[in-house]
Amino acid sequence: MENMKPTPQERKYFTPIVIGLSVLALNGIIFLLGRFVFGIGSVTNLDNQHPWGIWIGIDVAAGVALAAGGFTTAALGHIMHKDQYHAIIRPALLTATLGYTFVAASVMIDLGRYYFIWHPLLMWNGSSVLFEVGICVMIYLTVLYIEFLPIVTERFIGKVNLPGFLKKFNQPVDKFLRILDRGLEKTMFVFIIAGVVLSCLHQSSLGTLMVIAGPKMHPLWQTPILPLLFLLSAITVGLPMVIMESVITSKSFGLKPETHILSNLSNIVAPLLGVYLAFKIGDMMIRKTFVYLYEVNAASVMFTLELLIGIIIPLRLFMSRQVAKSPVAMATASFLVILGVLMNRINNFLIAYNPPYAVKSYFPSIGEISVTIGFVALEILLFRFFVINFPIVSEPDTTAPHTKFSLRGTTK
Amino acid sequence: MAKHSRRDFLKTSALIGSATLGLSSTAKAAPENVLSEDRMGVLVDTTVCIGCRKCEWACKSAHDLPTASIETYDDRSVFSNVRRPDDKALTVVNEYQSITSDKLPINVKVQCMHCDHPACVSACIVGAFSKKENGSVVWDTDKCIGCRYCMVACPFQIPAFEFEKALKPDIKKCDFCINRTASGKIPACTEICPVEAITYGRREDLIRTAKEKIKNYPHRYINRIFGEYEVGGTSWLYLSSKEFEQLDFPKLGKDPAPGVSEAIQHGIFSYFVPPVALYALLGGIMWINKNKKHNETDTEN
């Protein structure tokens with residue numbers, strides 16, 4: 001295998017698509033200002049019957065699931081030591097870091113008293129699922145930033161160039177970065193394992209979150225194994241996220257897609273999807289909830305779509321040899337898995353939730369949709385910024401054998 | 001409400017202490033385990049209530065909520081819609097048709113039920129809700145972060161949020177007049193009720209009274225006290241001439257509302273054994289794979 005080396009993709013930042021995304025981001029920010037000035041009620045369609053909307057259902061719940069690529073690739077590359085996957089770890093890590101940053105931001109904007117977001121650090125409630133999720137996400141976000149630091153040190157070591165009178169600090173800053181880098185290299189394995197453990201914990205607990213809603217939640221989704229289903233679906237969606245992100249990145253930066261790595265990855269997806277499907281169907285059979293599929297309503301339709309589009313069709317696609325040869329086909333199949341998990345989170349948090357005294361059903365407002373789309377646009381913009389300015393995406397390297405950053409924390 | 005008692009302090013320090021020992025799962029649904037034998041309750045006899053809505057006025061007055069004058073509450077046109085308590089009214093009275101139309105309509109007062117095993121107490125991320133010894137479930141403004149998980153959790157869909165406020169929005173719900181009862185008074189609604197449809201007293205006594213009523217007037221009541229067993233029992237109890245589910249009461253089981261959720265949570269975190277075990281397992285796998293890589297140099301590629 002040829003040596004791959006992460007390299008900054010020096011390009012012009014602005015393209016027509018980037019400008020379009022900027023407009024969407026700006027639009028979201030404007031509605032966000034409205035939320036902070038006039039309150040949550042002025043921008044959202046939330047009410048006392050529907051306390052949570054798409055900012056929790058999509059931005060937080062789906063956001064956490066779709067950022068699972070970070071811990072699945074870390075487990076694959078670092079813990080299982082599959083060296084061939086190292087080229088995809090950094091993009092996945094960047095996706096996860098940005099994803100979780102925006103999850104935190106989404107929680108913040110949805111909190112009525114966002115300025116008290118630090119309260120859970122001091123005020124504990126051991127029986128609260130949300131407390132566990134909150135603390136786990138906070139720690140994991142820190143771990144992600146630590147895991148990302150070596151990319152920053154690599155970018156700047158030997159290249160520190162501060163402007164103006166700060167110039168005299170160039171030497172000390174460089175020295176500090178080198179010390180930091182060495183320290184991180186020795187200890188990184190601690191954080192990598194912690195990241196995987198923390199992910200397993202909060203990915204599953206995110207499922208436990210809705211269990212307390214009890215009979216308010218549609219029986220098709222309300223099951224005591226919700227945490228297991230959430231964990232399985234998060235593990236399943238991690239790699240498709242990486243595949244799609246990799247294909248889009250190589251397309252957008254005019255690089256050769258890493259077809260070999262991607263098809264190896266996609267071979268892992270099918271068994272994962274199969275296990276997830278088995279638990280989903282098994283749960284339905286054991287609790288005999290299929291009776292709810294005989295009637296046609298939003299719940300039964302969404303459940304069927306989630307199963308069909310999100311699991312069964314992509315499972316078939318990922319089992320095909322033809323698909324594993326074509327980056328576009330793999331990206332399409334991956335997109336279906338992503339769509340399925342997105343639908344699953346929306347279903348669990350919004351469709352399945354039937355408040356007892358609702359006079360009207362919830363549909364997100366223009367403001368809510370704008371903010372959600374704006375955040376996604378911002379994420380993509382930041383992703384592009386980091387790919388251009390930091391060594392994220394790997395390119396074939398002919399100059400030097402890569403030793404330093406390949407097995408961080410595990411080399412002696 | 002803001003004052004922290006010595007007991008709260010001890011509780012918190014005990015929790016932190018046990019958490020450092022890796023035993024954070026000691027907190028239960030009723031953290032202080034305060035289901036005292038003498039906890040108070042209210043018995044609502046919907047067959048007595050005349051729908052005068054004086055309790056709505058008294059509640060607002062007692063909680064400094066803006067209200068129109070007491071005379072305006074005679075207006076019965078509000079009964080055309082089923083209303084729910086919200087951030088501007090912590091209790092409301094609704095009206096339903098009785099089984100036979102010649103009988104008087106049935107009026108039902110709605111407010112927080114003050115569960116014995118409250119879902120909100122279990123769910124709250126910062127422990128802003130607590131079950132007090134006198135039976136009340138109260139909310140602490142100093143802790144709340146406005147996440148609204150209590151509203152997701154509540155089986156009666158009671159907590160209301162001030163969606164219109166940009167700063168310091170509150171969760172609003174009946175607080176069992178905790179400030180009045182602390183100074184020896186009875187809850188405002190029970191005090192004003194002109195027909196004694198709502199009775200404040202020891203929960204045990206109220207259940208005995210209710211059972212006697214059902215026994216003595218079997219034609220007046222259905223044989224069920226709502227709140228005796230629902231979601232593990234509630235402080236507020238209801239008597240009725242009609243099935244409760246037809247009066248917009250939710251259909252609930254007898255298990256405490258937090259139920260499975262806490263069992264799962266404490267299962268995943270029992271003494272931090274599962275997370276630590278997973279950490280050790282992954283560490284082991286990582287170590288073995290590293291050594292394997294070391295020994296057989298690059299056969300895989």
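Two strands are taken to pair if DSSP finds at least two bridges between them. In this predicted model, strand β1 (residues 40–45) of chain B clears that mark with strand β8 (residues 198–202) of chain B, the two pairing in the antiparallel sense over 5 bridges. Within this pairing, Val44(B) has Ile198(B) as its bridge partner in β8(B), and Val42(B) is matched in β8(B) with Tyr200(B). Strand β9 (residues 236–239) of chain B is also joined to β1(B), here through 4 bridges, and these two strands run parallel. In β9(B), Trp236(B) stands opposite Val42(B), the residue already met as the bridge partner of Tyr200(B).

Taken together, the 3 strands make an open sheet of chain B with the order β8-β1-β9 and mixed pairing. The edges are formed by β8 and β9 of chain B, each of which pairs on one side only. From one strand to the next, the twist averages 25 degrees. Helix α7 (residues 203–216) of chain B lies across β1, β8 and β9 of chain B, and runs at about 130 degrees to β8(B).

It helps to look at β1(B) residue by residue. In a regular strand the side chains alternate between the two faces of the sheet. In β1(B), Met40(B), Val42(B) and Val44(B) point one way, while Gly41(B), Leu43(B) and Asp45(B) point the other way. All of these residues are buried. Because 6 of the 6 residues of β1(B) are buried, the strand is largely enclosed by the rest of the structure.

A second enclosed element is found in chain A. Helix α9 (residues 226–252) of chain A has 27 residues, which at 1.5 Å a residue should span 39 Å; the end C-alpha atoms are 37 Å apart, in agreement with that expectation. Of the 27 residues of α9(A), 21 are buried, so the helix is largely enclosed by the rest of the structure. After α9(A) comes Gly254(A), with a positive phi near 65 degrees.

The largest nonpolar core has 190 residues, and those with the most contacts inside it are Val196(A), Cys120(B), Cys124(B), Cys150(B) and Ala153(B). Helix α9(A) gives the largest share of this core, 13 residues. Domain 1 (27–257) and domain 2 (261–292) of chain B both contribute residues to the core, so it lies between them. The C-alpha centres of these two domains of chain B are 44 Å apart. For a close-up of the core, Cys120(B) is a good place to start. Leaving aside residues up to four places away in sequence, Cys120(B) touches Phe129(B), Val137(B), Cys150(B), Ala153(B), Cys154(B) and Pro159(B). Among these neighbours, Cys150(B) and Ala153(B) are themselves listed with the most contacts inside the core.

The last part of the picture is the meeting of the two chains. The contact takes 58 residues from chain B and 56 residues from chain A. On the side of chain B that touches chain A, the elements giving two or more residues are α3 (119–123), α4 (149–153), β6 (160–161), α8 (259–268) and α9 (273–295) of chain B. Helix α9(B) provides the largest share of that side, 10 residues.

Terms used
Residues numbered from 1 in each chain as written. Chains lettered and ligands numbered in written order. Predicted model: local features only at pLDDT ≥ 70, side-chain atom pairs only at ≥ 80, totals over all residues. Expected span 1.5 Å × (residues − 1). Buried ≥ 20, exposed ≤ 12 C-beta atoms within 10 Å, placed from the backbone. Core = buried A, V, L, I, M, F, W, Y, C linked by C-beta atoms within 7 Å. Domains from an automatic or database assignment. Contact = placed C-beta atoms within 7 Å. Axes fitted to C-alpha atoms, helices over the stretch in contact; angles between N-to-C directions.
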